[in-house]
Amino acid sequence: MTPTAQRLVKVGVVAAILAAAAYWYWSPWLAIHQMRSAARAGDADAFSERVDYPRLRESLKVQLAAAADARLGQSSESGSDIARAGAAFGSLLATALVDRMVDALVRPESVMRVMQEGKLMPARSGRSRDRSEAPSDPEGRSDGNAPGEKHDPIWSTEHQGVNTFVLYARRAGQTEDRRTALVFERRGFASWQLTEIRLPAL
């Protein structure tokens with residue numbers, strides 16, 4: 001092999017390594033783009049290839065059950081036997097209800113909505129809320145959206161180590177602790193799956 005050919009081979013190897021490294025680094029954004037494209041097209045099969053539904057359901061069940069337990073715990077702070085017994089029964093009932101609700105809710109269409117709108121529950125239809133119910137900023141102003149106007153989320157991302165990537169969604173005027181977080185985990189070299197949805201504090 002001539003020196004020129006050797007140089008070309010070295011250049012080709014370096015270029016291939018750089019291309020693979022760039023693909024590895026940008027792969028979570030590519031996965032998110034592909035999932036959003038599938039969601040817009042209504043292609044549930046293509047979308048679901050990148051979702052770990054059992055882990056997603058489990059993450060939501062844990063969060064909602066913890067929130068229910070915290071509220072029931074507040075109701076039993078009086079320390080009476082009746083209050084503690086009621087809280088224990090309520091905890092069992094809440095767990096059963098949470099399991100049923102999450103199993104019914106976490107389906108491809110609802111998760112596709114999260115990828116587009118940044119929230120798990122659909123917007124309420126019907127009459128608009130009273131002004132006293134509308135979210136406002138500390139100065140008392142509304143969020144600037146007229147009734148029926150689409151509320152586009154503000155998206156941001158974060159790498160959490162090598163194998164975890166988080167996509168955040170929040171509304172204009174909301175603080176970061178009110179963000180919804182979509183957690184992706186690396187599968188293999190550069191494939192990603194949605195494994196968790198972290199809800200704002202309930």
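User: What does it take for two residues to be in contact?

Analyst: Contact means that heavy atoms lie within 4.5 Å. This is a predicted model, and Ala39 is a good residue to begin with. Leaving aside residues up to four places away in sequence, Ala39 touches Phe47, Met112 and Gln116.

User: How many residues apart along the chain are Ala39 and Gln116?

Analyst: They are 77 residues apart along the chain, yet their C-alpha atoms are separated by 7.6 Å.

User: Is Ala39 buried or exposed?

Analyst: Buried means under 20% relative accessible area. Ala39 has 8% relative accessibility, so this residue counts as buried.

User: Which helix holds Ala39, and what do the buried residues of that helix pack against?

Analyst: Ala39 sits in helix α1, which covers residues 3-41. The buried residues of α1 are Ser27, Pro28, Ala31, Ile32, Met35, Ala38 and Ala39. Their packing partners include α2 (44-48), α5 (108-117) and the strand β1 (154-159).

User: Where does α1 kink, and what follows the helix?

Analyst: The kink, about 55 degrees, is at Ser27, shortly before the proline Pro28. After α1 comes Gly42, with a positive phi near 70 degrees.

User: How should I read Leu30, which is also in α1?

Analyst: Between the cut-offs for buried and exposed, under 20% and over 50%, a residue is partly exposed. Leu30 has a relative accessible area of 33%, so Leu30 is partly exposed. Leu30 also belongs to a nonpolar surface patch with Tyr23, Trp24, Tyr25, Trp26, Val162 and Phe189. Together, the patch residues have about 710 Å² of accessible area.

How values were computed
Residues numbered from 1 in each chain as written. Predicted model: local features only at pLDDT ≥ 70, side-chain atom pairs only at ≥ 80, totals over all residues. Heavy atoms only, no water. Patch = residues over 30% accessible without salt bridge, like charges linked within 9 Å, V, L, I, M, F, W, Y side chains within 5 Å. Areas by Shrake-Rupley, 256 points an atom, 1.4 Å probe, with all protein chains shown as cover. Salt bridge = Lys/Arg side-chain N within 4 Å of Asp/Glu carboxyl O. Helix = DSSP H or I, 4+ residues; strand = E, 2+ residues; numbered from the N terminus. Buried < 20%, exposed > 50% of the residue type's maximum accessible area, 1.4 Å probe, protein only. Bend = angle between axes of the 7 residues up to and from the residue.
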